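Reader: I am new to this, and I would like to understand how the words used for a protein model are justified. Could you take me through some of them?

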Amino acid sequence: MAPPPAKMQEIHQFLSSALLQRGPTALPYAEATKSLIRQHLLNLVSSYTSLDPKTATFTHNDGRSVILLQAEGTVPMPFQGVSYNIPVVIWLLDSYPHYPPCVYVNPTRDMIIKRPHSNVSPSGLVSLPYLQNWVYPSSNLVDLAAHLSAAFSRDPPLYSQRRPPPPQPQPSPSIGSGYSRSSRLFTPPHQTDDAAEVYKKNAINKLVDRVHCDLVLMRSAREVEAEGLLSLQSGLERRGEEINNGLNEMVNEKETLEQQLQVIAMNTEFLDTWIRENQGKPKSLLVDLDVDDAFDCVGTLSKQMLECTALYLAIEDVVYSMDKSFQDGSLPFDQYLRNVRLLSREQFFHLATAEKVRELQMDAQVASIAARLHS
């Protein structure tokens with residue numbers, strides 16, 4: 001049965017006020033998840049009216065205290081056709097809802113936790129497959145309460161620590177707290193533990209389980225931190241590769257510029273030499289100067305380069321003239337195609353020879369400049 005509207009309005013106002021606090025009293029939940037946390041608690045209270053949301057102080061193993069939300073009350077436990085109520089506390093830790101809450105069975109002073117129990121430790125910490133397989137954002141508190149009820153129905157976690165009365169036809173109730181209806185559920189056959197000793201053991205076990213819960217949270221935080229560091233390392237390695245590639249490109253560009261500088265230096269040296277040789281000649285010698293005699297080839301390579309270049313350009317002019325003749329219709333297509341193929345092959349050989357001669361000339365000029373620099 002759903003709680004009265006007035007109570008739901010009061011719970012809604014309490015959750016809104018608690019989650020909207022800022023400053024030192026603010027709850028340690030992420031801002032992006034506060035609306036989902038409020039909705040989870042409202043759905044839980046609507047389905048299980050015996051659970052009430054509260055704020056309480058949770059002390060970690062390292063002494064750090066933090067105010068957290070909790071749902072405290074009872075969950076129903078059908079057992080042998082009768083419905084009982086099991087007191088529990090559901091702590092919503094700092095990492096909720098990305099990680100599961102911590103659930104404790106909260107026995108009163110006249111109760112004792114069953115030993116051993118498949119889902120509840122001696123300190124009251126509850127361990128369920130639903131908690132271990134918690135998946136954000138589909139997992140929620142309503143389904144958790146349903147799994148708690150089902151697990152407790154299969155194996156009740158609490159007994160009364162009072163000694164049973166003498167056998168009677170009908171056993172009398174031994175729990176007056178409202179959490180149970182019959183002593184059959186909570187009374188073991190031979191229960192002789194002292195109440196103070198049991199309370200002390202439960203407190204120690206609860207402290208141990210709280211330490212274990214803190215260790216789980218610390219391990220989760222360290223895993224997230226390790227994932228962040230691995231992602232950062234991957235980004236640094238990627239940037240290192242980019243820097244190395246950029247450095248290699250700069251080295252290659254430097255080598256290309258050095259080669260171009262050598263070519264410019266070679267051409268400058270050649271022009272300076274020509275100017276020095278022809279600077280003192282009278283202008284009268286240039287009147288009847290033949291173009292073919294204007295430059296003298298220095299060495300076999302220069303002469304070969306001049307011949308290859310002249311032949312290459314001559315073939316270029318012939319092909320151009322053939323193109324014009326073909327377009328005018330004075331040259332048949334088959335003759336045009338055959339002559340172009342032959343001239344193109346010859347032109348390619350002249351171009352290849354000129355390239356090799358140019359490489360040899362460059363090597364010779366570089367060697368000459370290097371020799372002058374070292375002399």
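Reader: Where does Trp-274 sit?

Author: In this predicted model, Trp-274 belongs to helix α5, which covers residues 195-278.

Reader: What makes Trp-274 partly exposed?

Author: Its relative accessible area is 37%. Buried would need under 20% and exposed over 50%, so with 37% Trp-274 counts as partly exposed.

Reader: Which residues form a nonpolar patch with Trp-274?

Author: Phe-270, Leu-271 and Ile-275 join Trp-274 in that surface patch, and together the four have about 420 Å² of accessible area. A member of a patch must have over 30% relative accessible area, and the 37% of Trp-274 therefore passes that cut-off.

Reader: What does UniProt list for residues 240-267?

Author: The unreviewed UniProt entry gives them as "coiled-coil region". In the model, the span is 100% helix and 0% strand, and its end C-alpha atoms lie 41 Å apart.

Reader: Let's turn to the strands. How are the four strands of the open sheet ordered?

Author: The order is β1-β2-β3-β4, and the pairing is antiparallel.

Reader: Why are β1 and β4 said to stand at the edges?

Author: Each of them, β1 (51-59) and β4 (102-105), has a single partner strand, so one side of each has no neighbour in the sheet. Neighbouring strands of this sheet are turned by 35° against each other on average, with direction ignored.

Reader: How do you know that β3 and β4 pair?

Author: Two strands pair if there are at least two bridges between them. Strand β3 (residues 82-92) has four bridges to β4, so the two count as paired, and they run antiparallel. Among the facing residues, Val-88 stands opposite Val-105 in β4, and Ile-90 stands opposite Val-103 in β4.

Reader: And how many bridges link β2 and β3?

Author: Strand β2 (residues 65-79) and β3 pair over eleven bridges, again in the antiparallel sense. Across this pair, Glu-72 stands opposite Val-89 in β3. The hairpin of β2 and β3 has two residues between the strands, and Gln-80 takes a positive phi near 55° there.

Reader: Why is β3 called mostly covered?

Author: That comes from counting its buried residues: eight of the eleven residues in β3 are buried.

Reader: What makes Cys-102 buried?

Author: Cys-102 is found in strand β4. Its relative accessibility is 7%, and the cut-off for buried is under 20%, so Cys-102 counts as buried. The C-alpha atom of Cys-102 is separated by 8.8 Å from that of Ser-127, although the two residues are 25 apart along the chain.

Reader: Now for charges. Why can side chains of opposite charge pair?

Author: They can do so when their charged atoms come close. A search of the whole structure finds seven salt bridges.

Reader: How do you know that Arg-358 and Glu-355 form a salt bridge?

Author: Their closest N and O atoms are 3.0 Å apart. The rule asks for a nitrogen of Lys or Arg within 4 Å of a carboxyl oxygen of Asp or Glu, so this pair qualifies. Both residues lie in helix α7 (residues 333-374), three residues apart, which is about one turn of the helix. Arg-358 has 36% relative accessibility and counts as partly exposed, and so does Glu-355 at 38%.

Reader: Which residues do salt bridges with shared partners join into one network?

Author: They are Arg-22, Glu-31 and Lys-34. Glu-31 forms a salt bridge with Arg-22, where the closest N and O atoms are 3.3 Å apart. Glu-31 also meets Lys-34, at 2.9 Å from N to O. Both distances are within 4 Å, so both pairs count as salt bridges.

Reader: Is Lys-34 buried or exposed?

Author: Lys-34 has a relative accessible area of 6%, which is under 20%, so Lys-34 counts as buried. Its partner Glu-31 is partly exposed at 49%, and Arg-22 is partly exposed at 48%.

Note on methods. Residues numbered from 1 in each chain as written. Predicted model: local features only at pLDDT ≥ 70, side-chain atom pairs only at ≥ 80, totals over all residues. Heavy atoms only, no water. Patch = residues over 30% accessible without salt bridge, like charges linked within 9 Å, V, L, I, M, F, W, Y side chains within 5 Å. Areas by Shrake-Rupley, 256 points an atom, 1.4 Å probe, with all protein chains shown as cover. Salt bridge = Lys/Arg side-chain N within 4 Å of Asp/Glu carboxyl O. Buried < 20%, exposed > 50% of the residue type's maximum accessible area, 1.4 Å probe, protein only. UniProt positions renumbered as here; feature names shortened; annotations may be inferred. Axes fitted to C-alpha atoms, helices over the stretch in contact; angles between N-to-C directions.
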